[in-house]
Amino acid sequence: MAGSGLKYTLANACELLGAKVKVPKLQAWKKGQRPSADDLETLAVTLGLSPTWLLLGVGQPQDEAGEGELVPEYVPIGDTLRDLLNQLPDQLPQVAQVAGMTPAELRACADSQAMLSGLTVARLVHAYRVNANFLLAQVGQPFLTEEQYEERGPLTWLREKRGDFAQPDEAPATISLTAARLATVERTMKEAGSPQLAILHSLRAMLEGEIAKLSGAQKDCADPAEHAPQANPKKAAGDDTV
(Lines give C-alpha, C1' and ligand atoms only; values in the text may rest on other atoms or scores of the structure.)
Protein backbone atom coordinates (compact mmCIF):
# COMPACT_ATOMS: atom_id res chain seq x y z
CA MET A 1 0.00 0.00 0.00
CA ALA A 2 2.91 2.34 0.76
CA GLY A 3 4.31 1.62 -2.69
CA SER A 4 0.96 2.56 -4.21
CA GLY A 5 0.81 5.82 -2.24
CA LEU A 6 -2.20 4.69 -0.20
CA LYS A 7 -2.83 5.37 3.46
CA TYR A 8 -3.35 2.21 5.50
CA THR A 9 -7.08 1.75 5.96
CA LEU A 10 -9.26 -1.30 5.45
CA ALA A 11 -11.13 0.48 2.68
CA ASN A 12 -7.90 1.23 0.79
CA ALA A 13 -6.72 -2.35 1.34
CA CYS A 14 -9.94 -3.63 -0.24
CA GLU A 15 -9.41 -1.27 -3.18
CA LEU A 16 -5.91 -2.62 -3.65
CA LEU A 17 -7.03 -6.25 -3.49
CA GLY A 18 -10.00 -5.88 -5.80
CA ALA A 19 -13.75 -6.28 -5.69
CA LYS A 20 -13.67 -9.84 -4.25
CA VAL A 21 -12.35 -8.67 -0.87
CA LYS A 22 -14.66 -6.61 1.35
CA VAL A 23 -14.00 -4.89 4.69
CA PRO A 24 -15.77 -7.57 6.85
CA LYS A 25 -13.57 -10.22 5.27
CA LEU A 26 -10.39 -8.27 6.09
CA GLN A 27 -11.61 -7.77 9.66
CA ALA A 28 -12.18 -11.54 9.97
CA TRP A 29 -8.65 -12.22 8.72
CA LYS A 30 -7.22 -9.78 11.27
CA LYS A 31 -9.01 -11.76 14.00
CA GLY A 32 -7.39 -15.00 12.85
CA GLN A 33 -9.79 -16.49 10.30
CA ARG A 34 -7.90 -18.14 7.43
CA PRO A 35 -8.63 -17.13 3.83
CA SER A 36 -10.55 -19.52 1.60
CA ALA A 37 -8.80 -21.11 -1.38
CA ASP A 38 -10.24 -18.45 -3.72
CA ASP A 39 -9.23 -15.61 -1.40
CA LEU A 40 -5.79 -17.13 -0.99
CA GLU A 41 -5.40 -17.14 -4.76
CA THR A 42 -6.45 -13.47 -4.89
CA LEU A 43 -3.89 -12.52 -2.25
CA ALA A 44 -1.12 -14.57 -3.85
CA VAL A 45 -1.68 -13.21 -7.36
CA THR A 46 -2.38 -9.58 -6.38
CA LEU A 47 0.44 -9.24 -3.86
CA GLY A 48 2.89 -11.67 -5.42
CA LEU A 49 3.10 -13.74 -2.23
CA SER A 50 3.66 -17.44 -1.70
CA PRO A 51 0.42 -19.30 -0.80
CA THR A 52 2.41 -21.64 1.45
CA TRP A 53 3.86 -18.68 3.35
CA LEU A 54 0.45 -17.01 3.61
CA LEU A 55 -1.18 -20.11 5.10
CA LEU A 56 1.61 -21.77 7.05
CA GLY A 57 4.46 -19.27 7.33
CA VAL A 58 6.72 -21.77 5.52
CA GLY A 59 9.42 -20.50 3.16
CA GLN A 60 9.78 -16.91 2.00
CA PRO A 61 6.95 -14.37 1.56
CA GLN A 62 7.97 -13.87 -2.07
CA ASP A 63 9.36 -16.90 -3.91
CA GLU A 64 12.40 -16.57 -6.13
CA ALA A 65 11.65 -15.67 -9.75
CA GLY A 66 10.41 -18.68 -11.64
CA GLU A 67 9.51 -20.65 -8.50
CA GLY A 68 5.95 -21.41 -7.53
CA GLU A 69 4.46 -20.27 -10.82
CA LEU A 70 1.17 -21.85 -11.80
CA VAL A 71 1.57 -24.55 -14.43
CA PRO A 72 -1.52 -24.52 -16.70
CA GLU A 73 -1.51 -28.31 -17.05
CA TYR A 74 -1.61 -28.70 -13.25
CA VAL A 75 -4.47 -26.30 -12.56
CA PRO A 76 -7.45 -28.69 -13.02
CA ILE A 77 -5.71 -31.37 -10.95
CA GLY A 78 -4.77 -28.85 -8.26
CA ASP A 79 -8.33 -27.54 -8.09
CA THR A 80 -9.71 -31.08 -7.90
CA LEU A 81 -7.20 -32.13 -5.24
CA ARG A 82 -8.02 -29.08 -3.13
CA ASP A 83 -11.73 -29.95 -3.30
CA LEU A 84 -11.05 -33.57 -2.35
CA LEU A 85 -8.86 -32.57 0.60
CA ASN A 86 -11.74 -30.56 2.01
CA GLN A 87 -13.95 -33.67 1.92
CA LEU A 88 -11.53 -36.09 3.58
CA PRO A 89 -11.97 -36.96 7.27
CA ASP A 90 -8.29 -36.37 8.06
CA GLN A 91 -6.41 -33.09 8.31
CA LEU A 92 -3.76 -32.14 5.75
CA PRO A 93 -0.76 -33.40 7.80
CA GLN A 94 -2.36 -36.85 8.19
CA VAL A 95 -3.32 -36.99 4.49
CA ALA A 96 0.21 -35.99 3.52
CA GLN A 97 1.62 -38.79 5.67
CA VAL A 98 -0.66 -41.33 4.01
CA ALA A 99 0.32 -39.98 0.59
CA GLY A 100 4.04 -40.27 1.41
CA MET A 101 4.63 -36.51 1.17
CA THR A 102 5.35 -33.57 3.42
CA PRO A 103 2.45 -31.18 4.10
CA ALA A 104 4.28 -28.50 2.10
CA GLU A 105 4.62 -30.83 -0.91
CA LEU A 106 0.94 -31.74 -0.77
CA ARG A 107 -0.03 -28.07 -0.49
CA ALA A 108 2.15 -27.27 -3.50
CA CYS A 109 0.22 -29.86 -5.53
CA ALA A 110 -3.09 -28.38 -4.34
CA ASP A 111 -1.84 -24.94 -5.36
CA SER A 112 -1.09 -26.18 -8.91
CA GLN A 113 2.66 -25.80 -8.45
CA ALA A 114 3.56 -29.49 -8.63
CA MET A 115 2.13 -32.76 -9.96
CA LEU A 116 1.12 -35.74 -7.85
CA SER A 117 3.19 -38.85 -8.50
CA GLY A 118 1.54 -42.09 -9.58
CA LEU A 119 2.44 -43.70 -6.26
CA THR A 120 0.82 -40.85 -4.35
CA VAL A 121 -2.38 -41.19 -6.39
CA ALA A 122 -2.42 -44.95 -5.70
CA ARG A 123 -2.05 -44.36 -1.97
CA LEU A 124 -4.95 -41.91 -1.96
CA VAL A 125 -7.08 -44.42 -3.89
CA HIS A 126 -6.41 -47.20 -1.39
CA ALA A 127 -6.64 -45.12 1.77
CA TYR A 128 -9.59 -42.86 0.96
CA ARG A 129 -11.20 -44.52 -2.10
CA VAL A 130 -10.38 -41.45 -4.19
CA ASN A 131 -11.43 -41.92 -7.82
CA ALA A 132 -8.22 -41.49 -9.80
CA ASN A 133 -10.19 -40.71 -12.98
CA PHE A 134 -11.87 -37.83 -11.20
CA LEU A 135 -8.65 -36.57 -9.64
CA LEU A 136 -6.63 -36.58 -12.86
CA ALA A 137 -9.27 -35.89 -15.50
CA GLN A 138 -12.43 -34.81 -13.63
CA VAL A 139 -14.29 -37.88 -14.94
CA GLY A 140 -16.93 -39.63 -12.83
CA GLN A 141 -17.59 -39.23 -9.12
CA PRO A 142 -15.00 -37.96 -6.59
CA PHE A 143 -14.94 -41.18 -4.57
CA LEU A 144 -15.28 -44.87 -5.36
CA THR A 145 -18.01 -46.92 -3.75
CA GLU A 146 -16.97 -50.13 -1.98
CA GLU A 147 -18.43 -52.12 -4.89
CA GLN A 148 -16.36 -50.15 -7.40
CA TYR A 149 -13.22 -50.51 -5.31
CA GLU A 150 -13.69 -54.28 -4.99
CA GLU A 151 -14.48 -54.79 -8.68
CA ARG A 152 -12.37 -57.55 -10.23
CA GLY A 153 -10.42 -57.08 -13.43
CA PRO A 154 -7.40 -58.29 -15.46
CA LEU A 155 -4.96 -57.45 -12.66
CA THR A 156 -7.05 -58.86 -9.83
CA TRP A 157 -4.29 -61.36 -9.06
CA LEU A 158 -1.93 -58.48 -8.35
CA ARG A 159 -4.40 -56.75 -6.06
CA GLU A 160 -5.08 -60.02 -4.23
CA LYS A 161 -1.35 -60.50 -3.73
CA ARG A 162 -1.12 -56.97 -2.35
CA GLY A 163 -4.03 -57.64 0.03
CA ASP A 164 -6.60 -55.18 -1.35
CA PHE A 165 -9.42 -57.70 -0.90
CA ALA A 166 -8.37 -59.11 2.47
CA GLN A 167 -11.35 -59.61 4.76
CA PRO A 168 -10.87 -58.52 8.39
CA ASP A 169 -11.31 -61.29 10.97
CA GLU A 170 -10.56 -59.44 14.21
CA ALA A 171 -12.82 -57.10 16.14
CA PRO A 172 -10.66 -53.92 15.79
CA ALA A 173 -10.38 -54.41 12.03
CA THR A 174 -14.14 -55.01 11.80
CA ILE A 175 -14.76 -51.74 13.62
CA SER A 176 -12.44 -49.93 11.22
CA LEU A 177 -14.30 -51.40 8.26
CA THR A 178 -17.60 -50.23 9.74
CA ALA A 179 -16.19 -46.73 10.16
CA ALA A 180 -15.07 -46.76 6.53
CA ARG A 181 -18.55 -47.78 5.39
CA LEU A 182 -20.13 -45.04 7.46
CA ALA A 183 -17.76 -42.49 5.94
CA THR A 184 -18.58 -43.72 2.43
CA VAL A 185 -22.33 -43.44 3.01
CA GLU A 186 -21.99 -39.97 4.54
CA ARG A 187 -19.83 -38.77 1.66
CA THR A 188 -22.17 -40.20 -0.98
CA MET A 189 -25.26 -38.65 0.60
CA LYS A 190 -23.53 -35.27 0.90
CA GLU A 191 -22.62 -35.39 -2.78
CA ALA A 192 -26.27 -36.15 -3.57
CA GLY A 193 -27.35 -33.07 -1.60
CA SER A 194 -29.11 -34.95 1.22
CA PRO A 195 -30.01 -32.90 4.33
CA GLN A 196 -27.74 -33.37 7.33
CA LEU A 197 -30.59 -34.78 9.41
CA ALA A 198 -31.31 -37.46 6.79
CA ILE A 199 -27.61 -38.36 6.71
CA LEU A 200 -27.52 -38.74 10.51
CA HIS A 201 -30.63 -40.94 10.47
CA SER A 202 -29.03 -43.20 7.85
CA LEU A 203 -25.80 -43.46 9.82
CA ARG A 204 -27.72 -44.26 13.00
CA ALA A 205 -29.67 -47.00 11.20
CA MET A 206 -26.41 -48.53 9.97
CA LEU A 207 -24.91 -48.45 13.48
CA GLU A 208 -28.03 -49.97 15.02
CA GLY A 209 -27.90 -52.76 12.43
CA GLU A 210 -24.25 -53.49 13.24
CA ILE A 211 -25.00 -53.44 16.98
CA ALA A 212 -27.93 -55.83 16.55
CA LYS A 213 -25.79 -58.16 14.44
CA LEU A 214 -22.96 -58.26 16.99
CA SER A 215 -25.38 -58.58 19.93
CA GLY A 216 -27.07 -61.55 18.28
CA ALA A 217 -23.77 -63.25 17.60
CA GLN A 218 -22.60 -62.75 21.18
CA LYS A 219 -25.90 -64.06 22.58
CA ASP A 220 -25.65 -67.21 20.47
CA CYS A 221 -22.14 -67.83 21.79
CA ALA A 222 -23.04 -67.07 25.42
CA ASP A 223 -26.25 -69.18 25.63
CA PRO A 224 -25.67 -72.44 23.70
CA ALA A 225 -27.94 -74.27 26.14
CA GLU A 226 -30.96 -72.35 24.82
CA HIS A 227 -30.55 -74.06 21.46
CA ALA A 228 -29.86 -77.56 22.87
CA PRO A 229 -32.70 -80.18 22.89
CA GLN A 230 -34.53 -80.27 26.24
CA ALA A 231 -34.64 -83.53 28.25
CA ASN A 232 -38.07 -85.10 28.82
CA PRO A 233 -38.85 -84.53 32.54
CA LYS A 234 -40.99 -87.66 32.72
CA LYS A 235 -38.19 -89.79 31.34
CA ALA A 236 -35.83 -88.20 33.82
CA ALA A 237 -38.20 -89.16 36.68
CA GLY A 238 -38.27 -92.80 35.58
CA ASP A 239 -41.75 -92.66 34.01
CA ASP A 240 -42.02 -95.25 31.21
CA THR A 241 -45.18 -93.67 29.76
CA VAL A 242 -44.98 -93.25 25.99
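**A tour of the cysteines and the first two helices**

Begin by selecting cysteine 109: with a relative accessibility of 4%, this residue counts as buried. The model on display is a predicted one.

Next, select cysteine 14. Cysteine 14 is also buried, its relative accessible area being 10%, where the cut-off for that class is under 20%. With cysteines in view, one may ask how many disulfides a search of the whole structure finds. The search finds zero.

Keep cysteine 14 selected and add the rest of helix 1, residues 10–17, together with helix 2, residues 23–30. Two packed helices are described by the angle between their axes and the distance between those axes. Here the axes come within 9 Å and cross at roughly 105°. Helix 1 and helix 2 are therefore roughly perpendicular to each other, since angles of 65 to 115 degrees fall in that class.

Now display the side chains where the two helices meet. Which residues of helix 1 should be shown? They are Leu10, Ala11, Ala13, Cys14 and Leu17. On the side of helix 2, their counterparts are Val23, Leu26, Gln27 and Lys30. By class, the residues of this contact comprise seven nonpolar, one polar and one charged.

Finally, move to asparagine 12, which also lies in helix 1. Is asparagine 12 buried or exposed? Its relative accessibility is 17%, so asparagine 12 counts as buried. To view its surroundings, select Met1, Leu6 and Lys7: these are the residues in contact with asparagine 12 once its neighbours within four places in sequence are left aside.

How values were computed:
Residues are numbered from 1 along each chain as its sequence is written. This is a predicted model: local features need pLDDT of at least 70, side-chain atom pairs count only at pLDDT 80 or more; totals for chains, interfaces and linings use all residues. Side-chain values use heavy atoms; hydrogens and water are left out. Axes are lines fitted to C-alpha atoms, for helices over the stretch in contact, and angles run from 0 to 180 degrees between N-to-C directions. Helices (H or I, at least four residues) and strands (E, at least two) are DSSP runs, numbered from the N terminus. Angles under 35 degrees count as roughly parallel, over 145 as roughly antiparallel, 65 to 115 as roughly perpendicular and the rest as oblique. Contact means heavy atoms within 4.5 Å. Ala, Val, Leu, Ile, Met, Phe, Trp, Tyr, Cys and Pro count as nonpolar, Asp, Glu, Lys and Arg as charged, and the others, Gly among them, as polar. A disulfide is a pair of cysteine sulfur atoms within 2.5 Å. Buried means under 20% relative accessible area, exposed over 50%, partly exposed in between (1.4 Å probe, protein chains only).
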